[in-house]
Amino acid sequence: MAQSVYRWGMTSLERSATILSIGGERVRMHIRLKGLNRVSKRLADGRRVNYYYAWKGGPRLPGKPGDPEFIAAYNEAVSARVERRNDTLQSILYAYQASPRFTDLSAPSRRDYTRQITRIEAEFGDFPLAALTDRRTRGEFLAWRDRLAVNSRRQADYAFSVLALILAWAFDRGLVSANPCQRPGKLYRSTRIENIWTEADCEEFFRCFPAVLHLPFQLALWTGQRQGDLLRLTWNDFDGHSIRLRQSKTGARVRIPLGAPIKDILEVAPKRAVTVLTNSKGQPWKASSFQTAWQRAMRNSNLSGLTFHDLRGTAVTRLAQAGCEVPEIASITGHSLRDVGSILDAHYLNRDYRTARSAIHKLEVHQPRGKQRTVTKTNEH
């Protein structure tokens, strides 16, 4: 008989020590349970408990490490995962995640896609590929999106778009005979015009938010870059006049000249780490820690409905209001020309009063008051 004693560390590849009896001699053998994921949570009464899963997004394991039912459940889950069928949607999900189309994505994008793929696996992992040509299949997929939309329309659209792009990838390679998720339309409609940081919002930010968040805010406002790219910005990327970075999402390399206000701030900012932006302890920010600090500050302010990402659109708006042309804006933010045009046309400037007032002023200059035809009202007799 074998007696197992499990020792658990902080990694996802957990180590176990198994004691075997071979010819009457006890032998200790170390193995690793690949992919095991531990999640620690604090209960309402203050106690902290650990939950174990066969892998990230996998089934939860019963009992505690070292229990026979624990290792039996782990082996069963792994065995079921290994038994892959080539005639179900699960095989397409596996193939996509092993392809360059997925592996070449940025780390944040891969994490986001993986979360959505886990949703798809849970609902449609055993869906037969032969049924993709059935007209009813599109209705099944859309009904799933509708169920997700009860909690979040935006997340429902996101999950469906991931399913659609995976099926499109598979269809292009002849792995499936149809893609029933083409052109589904969207449930969520964004109104970005309402999510622009106004001057009053900026004043409220500097009044209520802690000083450690001021520099990230100003960099985003002056450069229009994403949060993750700014958190990774190093002092070597700043030459005293501009910053250079490669946008993680698009891969675009941008060099951004800095305006005098933000350049002056950077020149006197303390260099406490390799990165420009640091937390209150002088250490580089982790994305999750930055988001937590931001959300806490937001709750303590009078601001609502605004996010850090909204600063990217605000930067586009400010540049346009300053008279910048679309190519000039794109050279700073890293957007494509088409994307900048779409942003300005559909979201930001269609209701901007200053732009409208400027247009009327130009019309007045072009049509002097003396040359305009006067319309008088006459009374009928």
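This report describes model confidence, cysteines, one helix pair and two buried residues in a predicted model.

## Confidence along the chain

The mean pLDDT of this predicted chain is 82, and 81% of the residues score at least 70. Residues 1-22 have a pLDDT below 50, although in the model this stretch has 67 contacts beyond near neighbours in sequence. Residues 374-381 also have a pLDDT below 50, but for this stretch the model shows zero contacts beyond near neighbours in sequence.

## Cysteines

Zero disulfides are found when the whole structure is searched. Two cysteines can be placed by their accessibility: C181 has a relative accessibility of 1% and counts as buried, because the cut-off for that class is under 20%. C202, with a relative accessible area of 10%, is buried as well, and C202 is also one of the residues through which helix α7 touches helix α8.

## The pair α7 and α8

Two packed helices are described by the angle between their axes and the distance between the axes. Helix α7 spans residues 199-208 and helix α8 spans residues 214-223, and their axes come within 10 Å and cross at roughly 160 degrees. Since angles over 145 degrees count as roughly antiparallel, α7 and α8 are therefore roughly antiparallel to each other.

On the α7 side the contact is made by C202, F205 and F206, while α8 contributes H214, F217, Q218 and L221. Sorted by class, the contact of α7 with α8 has five nonpolar residues, two polar residues and no charged residues.

## A293 in helix α11

A293 is found in helix α11, which covers residues 287-299. With a relative accessibility of 15%, A293 counts as buried, because that value is under 20%. When neighbours within four places in sequence are left aside, A293 is in contact with L213 and W285. The C-alpha atoms of A293 and F209 are separated by 9.6 Å, and these two residues are 84 residues apart along the chain.

## T333 in helix α13

Helix α13 comprises residues 326-333, and T333 has its place in this helix. The relative accessible area of T333 is 0%, so T333 is buried.

Which residues is T333 in contact with, leaving aside its neighbours within four places in sequence? On the one hand there are T223, G224, Q225 and Q247, and on the other R312, V316, L319 and V340. T223 belongs to the stretch of residues 214-223 that forms helix α8, and T333 is in contact with T223.

Technical notes:
Residues numbered from 1 in each chain as written. Predicted model: local features only at pLDDT ≥ 70, side-chain atom pairs only at ≥ 80, totals over all residues. Heavy atoms only, no water. Disulfide = S-S within 2.5 Å. Buried < 20%, exposed > 50% of the residue type's maximum accessible area, 1.4 Å probe, protein only. pLDDT = per-residue confidence, 0-100. Contact = heavy atoms within 4.5 Å. Axes fitted to C-alpha atoms, helices over the stretch in contact; angles between N-to-C directions. Helix = DSSP H or I, 4+ residues; strand = E, 2+ residues; numbered from the N terminus. Parallel < 35°, antiparallel > 145°, perpendicular 65-115°, else oblique. Nonpolar A, V, L, I, M, F, W, Y, C, P; charged D, E, K, R; others polar.
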